[in-house]
Amino acid sequence: MNITFLIGNGFDISLGLKTSYSEFAKYYIQRPSSHPSIVELKKDIEKDIHNGEKEWGSKWADFERAFGLYTTHISNDDEFDIVYDDVVEELRTYLSMVNKSFNAMLTSNTLNQKIFVESLIHPYDFIRNSKILSNFIQEEINRPINIHIINFNYTSTIDTLVKNIPWDSSEYKRMHISIKEDVYHIHGTLDSTILFGVNDTSQIANKTFLTNSKVPYELVKPTFNERLGYGIDDKCVSAIKSAHIVCVFGMSLGETDKYWWEEIGKSIQSPDQFAIFFMYDNNKKYELTQERLKLREEDRLKTEVVLPKIGCNMDSSIIDRIYIGYNTDLFQGIMKAKEN
C-alpha cells in the first residue's frame, strides 16, 4: 500500500513551534529596514495586524496571496528584488531560529515512536470508519507499506523525526514498512532556495510584470520549481499519483498552492485511491462536543472547502473516496518529556 503525506505548517505548530505567519509578521515588522520600499511593506503589514489581519490574513497562504496583490505597489524588477529578497531572507533567519529551538527540544524530549509511526502507517485509524475504505484496507493489509512525504514547510522537523525511527530494525522490516526516498521539500529548505509566492500569474495583481519581466518566473511557485530543474515537482506529482491514500495534514488549502489540490483531485479518480484531509480548528476544539455537530462540520468542510479546492463538485464520482479527519489525534503527543 502506498501512502503519500502532504505536510504543512500545522505540523510544526502541533509540536509547539512558533512557525505561524502571524508570529513571523510580528518579528518581521520589528526588523531594521534597508530601503524605503521595505519600510512601506512593513507599514502595510503592521496596519493589517492592528486591523485584525483582514488583508494579509493569518495563514502563510494568505501572506503569499496578499504579496501577489501588493505587487501593485512595486514599480519595477529592481524594486521587486529589494522587497522580495528582504522577505525571503528574514523568513529564512526567523525560521532558522525556530528550527534550532526544535533541535534543542529534542534534547529535552523523547520522540514517541509508536504514535509517530502509527500516524504514518495507519492514518485511516484516526478518522470515522468507512466501509469502502475499510474493505480496501483489509485487502492491502498484508502488502508492504510505502510512505512518501511531501513537506510544504521550509523547516526540517518531520525530516528529523523520520530519521530518528530505526526503519531497518527487525520490527519494521517484519511489518514491511519503508519510507521512499528523502522527504520532498516542494518549496525548498532553509539551507537552499526558498520558494515564496503564488500559484499562477492571475494572482499577480501588477499586470505590468506579466510582460518583459522576470517576476512571474520567480513569484509563480510551480514555474520557479520547473525552472530550477531539480525535478522535485515531478517526483511529488508521481508520489501523489501512485498513492492509494493521500493524506493532507496541517495545511489551509490556500489558493497559492492550488496546483497541488487540483493534482489530488485528478489523481484519485481510480476506485482504489482515496484522500484524507486532516483539518483543525482550535476555536471549535471544545465547542463541538456533540457528535452530530462534528459530523455536520465534517460534511461542511468536505462540500464547501475540499471539493471546490480540488476541482470537483457534489456529483463527482470521487466524493465517496474523500474523507475529513476533523480535530483528530493524528501526530498528537509525539514528543514527550524525558524521564529523569
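In this predicted model, E298 comes out as buried, at 11% relative accessibility, because the cut-off for buried is under 20%. Its partner R128, with which E298 forms a salt bridge of 2.9 Å (N to O), is partly exposed at 32%. R128 sits in the loop between α6 (113–121) and α7 (131–140), while E298 belongs to helix α14 (residues 291–309), so the pair ties together parts that lie 170 residues apart in sequence. The two don't act as an isolated couple, either: R128, E291, K294 and E298 are linked in a network of salt bridges.

The structure holds 15 salt bridges, and some pairings stay within one helix. In α14, the side chains of E304 and R300 meet at 3.5 Å (N to O), four residues apart, or about one turn of the helix. Here E304 is exposed at 53% and R300 partly exposed at 31%. Helix α13 (residues 258–267) has E263 and K266 three residues apart, also joined by a salt bridge, at 3.5 Å. In that pair E263 is buried at 4%, whereas K266 is exposed at 55%.

Turning to the nonpolar interior, the largest core has 75 residues, and F11, F116 and L133 touch the most other members. Helix α5 (residues 77–108) supplies the largest share of this core, eleven residues. Leaving aside residues up to four places away in sequence, L133 touches Y124, I127, I245, F274, I276 and Y323. Apart from the largest core lies another, of 33 residues, including F152, C236, A239 and I322.

Finally, helix α4 (residues 60–70) is largely enclosed by the rest of the structure, because eight of its eleven residues are buried. Among them are W60, F63, E64 and Y70.

Conventions
Residues numbered from 1 in each chain as written. Predicted model: local features only at pLDDT ≥ 70, side-chain atom pairs only at ≥ 80, totals over all residues. Heavy atoms only, no water. Buried < 20%, exposed > 50% of the residue type's maximum accessible area, 1.4 Å probe, protein only. Helix = DSSP H or I, 4+ residues; strand = E, 2+ residues; numbered from the N terminus. Core = buried A, V, L, I, M, F, W, Y, C linked by side-chain atoms within 4.5 Å. Contact = heavy atoms within 4.5 Å. Salt bridge = Lys/Arg side-chain N within 4 Å of Asp/Glu carboxyl O.
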